[in-house]
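Work through the exercises below with the sequence and the 3D view open. Try each task before you read its solution.

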Amino acid sequence: MFRALVSLVALGSVLACPDHSPEAALRKRADENADEHPVSATWTFANQAAWAVADPICASGTMQSPINLSGAFSKVHVPSFKYNTPALGTLSNWGYGPSYSLNGTSGAPSFTTNGTAYYLLGFHTHTPSDHTINGISAPAELHLVHGDASGAAKGVLGFPLSVGAESAFFAQILGPEGAPNTTSNLLLDNHEMDMSLAVKEGGNFKSYWTYRGSLTTPPCTEGKRWWVSGKSLTISQEQMDELMLISDESAREVQKIQAHAVGKL
C-alpha cells in the first residue's frame, strides 16, 4: 500500500468536525475553522456556549445534534449497504482524533434508503461519544460521513465505541503506520480502507435510531440525516488506549430534542 506524506498547508481551509467535503481539509486550527467563517473566527469545545456568537443556529436551531437516544429502535430510512469496494483516501488527525477523507465519490462505498443514494465521504472519531444512549456516554464514537454525488455532506452513520473484541477495522488506522497524533500536520495519502469492516463490526445496522439533525460543531448546519447504531463497535483495550493517545476531548453537549422526528419519515 503506497503512502505519501504531504503537508497540510497545501490543502487550504479547514472544517473542524470534518464534513469531508472536497473543500475541507482535516485539522483543528484555532484561527481558521471553516470555509464559511473569516480567518479570525474561533471556537473551542471548552466554551461551547460561545459558538452561537458566530453561528446563531448553534443555539437557535431546532434540529441540533447530538441528542440522547432511548426507547424503540427505528424502522424507517432503513439503509441498504453497498460497501464491497475498497476506499482510497487520506488518513490524518483532525486535531481531535483520527480522520479519513476519500479521494472522491466515484466508486466509493455507499448505501441507499428510500430511493436516495448516500456516498461515503470519510470518517472521524469523537472522544467521548457525541450521542448518549439512555443518558450514558460511550468512551468514543465513530462518524461515517456520507453525501451526494457532488460530495456535499447529507448524512452520518454513528457507531458508539466500547472495549471488547479487537477491531479489524480500527487495525487499519491505528499502530505505528496509522493516524498521526493531534499536533501533526502530516497526511497519509492513498491509504486503502476496507470500510465494510466497520458496518460488519457494528452489527450491520440491524438496530439503530434515525433522526433529522445537524453538524455537531460550528457552523452547526442542520438538514443532516443521522443513523446511530444500537450496537457498539468494539475495540480492544489496547486499541482504545491507543485511540485516546491520539485524540483530544471533542464531544458536544447533548441537545434538547425538538423537531428531530426520531424514528419518523
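The exercises go from the whole chain to single residues, then to strands and rings.

This is a predicted model, so local features need pLDDT of at least 70, side-chain atom pairs count only at pLDDT 80 or more, and totals for chains, interfaces and linings use all residues. Residues are numbered from 1 along each chain as its sequence is written, and side-chain values use heavy atoms, with hydrogens and water left out.

**Exercise 1. The whole chain**

Describe the protein chain by its elements, burial, contacts and surface.

Step 1. Count the elements. The chain holds 4 helices and 15 strands. Both are DSSP runs numbered from the N terminus: helices are H or I with at least four residues, strands are E with at least two.

Step 2. Take burial. Of the 265 residues, 54% are buried. Buried means under 20% relative accessible area, exposed over 50%, and partly exposed in between, with a 1.4 Å probe and protein chains only.

Step 3. Turn to contacts, meaning heavy atoms within 4.5 Å. Among contacts between residues at least 6 apart in sequence, 70% join residues at least 24 apart.

Step 4. Finish with the surface. The chain exposes about 11300 Å², and carbon and sulfur atoms supply 54% of that area. Accessible areas come from the Shrake-Rupley method with a 1.4 Å probe; for residues, only the protein chains shown count as cover.

**Exercise 2. Two threonines**

Place Thr-132 and Thr-90, and find the polar partner of each side chain.

Step 1. Locate Thr-132. This residue sits in strand β8 (residues 132–133). Its relative accessibility is 7%, so Thr-132 counts as buried.

Step 2. Look across the sequence. Thr-132 and Asn-68 are 64 residues apart in sequence, yet 4.7 Å apart in space, C-alpha to C-alpha. Their side chains make a polar contact at 2.7 Å. A polar contact is a pair of N or O atoms within 3.5 Å; within protein, one must be able to donate a hydrogen and the other to accept it, and residues adjacent in sequence count only if both atoms are side-chain atoms.

Step 3. Add the other neighbours. Beyond four places in sequence, Thr-132 touches residues including Ile-67, Leu-69 and Val-254.

Step 4. Repeat for Thr-90, which lies in strand β4 (residues 87–93). Thr-90 has a relative accessible area of 16% and is therefore buried. Leu-188 is 98 residues away in sequence and 5.4 Å away in space, C-alpha to C-alpha. The polar partner is Asp-189: side chain to side chain, 3.1 Å.

**Exercise 3. Ser-207**

Is Ser-207 buried or exposed, and which residues does it contact?

Step 1. Find the element. Ser-207 is in the loop between α3 (196–201) and β13 (208–214).

Step 2. Read the area. At 19%, Ser-207 is buried.

Step 3. List the contacts. Leaving aside neighbours within four places in sequence, they are Phe-73, Ser-229, Gly-230 and Lys-231.

**Exercise 4. Strand pairing**

Trace the partners of β13 and β6.

Step 1. Start with β13. Here 6 of the 7 residues are buried, so this strand is largely enclosed by the rest of the structure. It runs antiparallel to strand β14 (residues 222–229), with 7 bridges. Two strands pair if DSSP finds at least two bridges between them. Thr-210 has Trp-227 as its bridge partner in β14.

Step 2. Move to β6 (residues 110–113). It pairs with strand β3 (residues 80–82) in the antiparallel sense over 3 bridges. Ser-80 stands opposite Thr-112.

Step 3. Follow β6 to β7. They are antiparallel and joined by 4 bridges. Phe-111 has Tyr-118 as its bridge partner in β7. In this hairpin, with 2 residues between the strands, Asn-114 takes a positive phi near 50 degrees.

**Exercise 5. Aromatic rings**

Why is the pair of Tyr-118 and Trp-227 edge-to-face?

Step 1. Set the rule. Rings of Phe, Tyr and Trp (its six-membered ring) pair if their centres lie within 6.5 Å; planes under 30 degrees apart count as stacked, over 60 as edge-to-face and the rest as tilted. The count comes to 18 aromatic pairs.

Step 2. Apply the rule. The ring centres of Tyr-118 and Trp-227 are 5.3 Å apart and the planes are at 80 degrees, so this pair is edge-to-face.

Step 3. Place the rings. Tyr-118 lies in strand β7 (residues 116–126) and Trp-227 in strand β14, so the pair ties together parts 109 residues apart in sequence.

Step 4. Check burial. Tyr-118 is buried at 12%, and Trp-227 is buried at 0%.

Step 5. Widen the view. Both rings belong to one aromatic cluster, with members including Phe-81, Phe-111 and Tyr-208.
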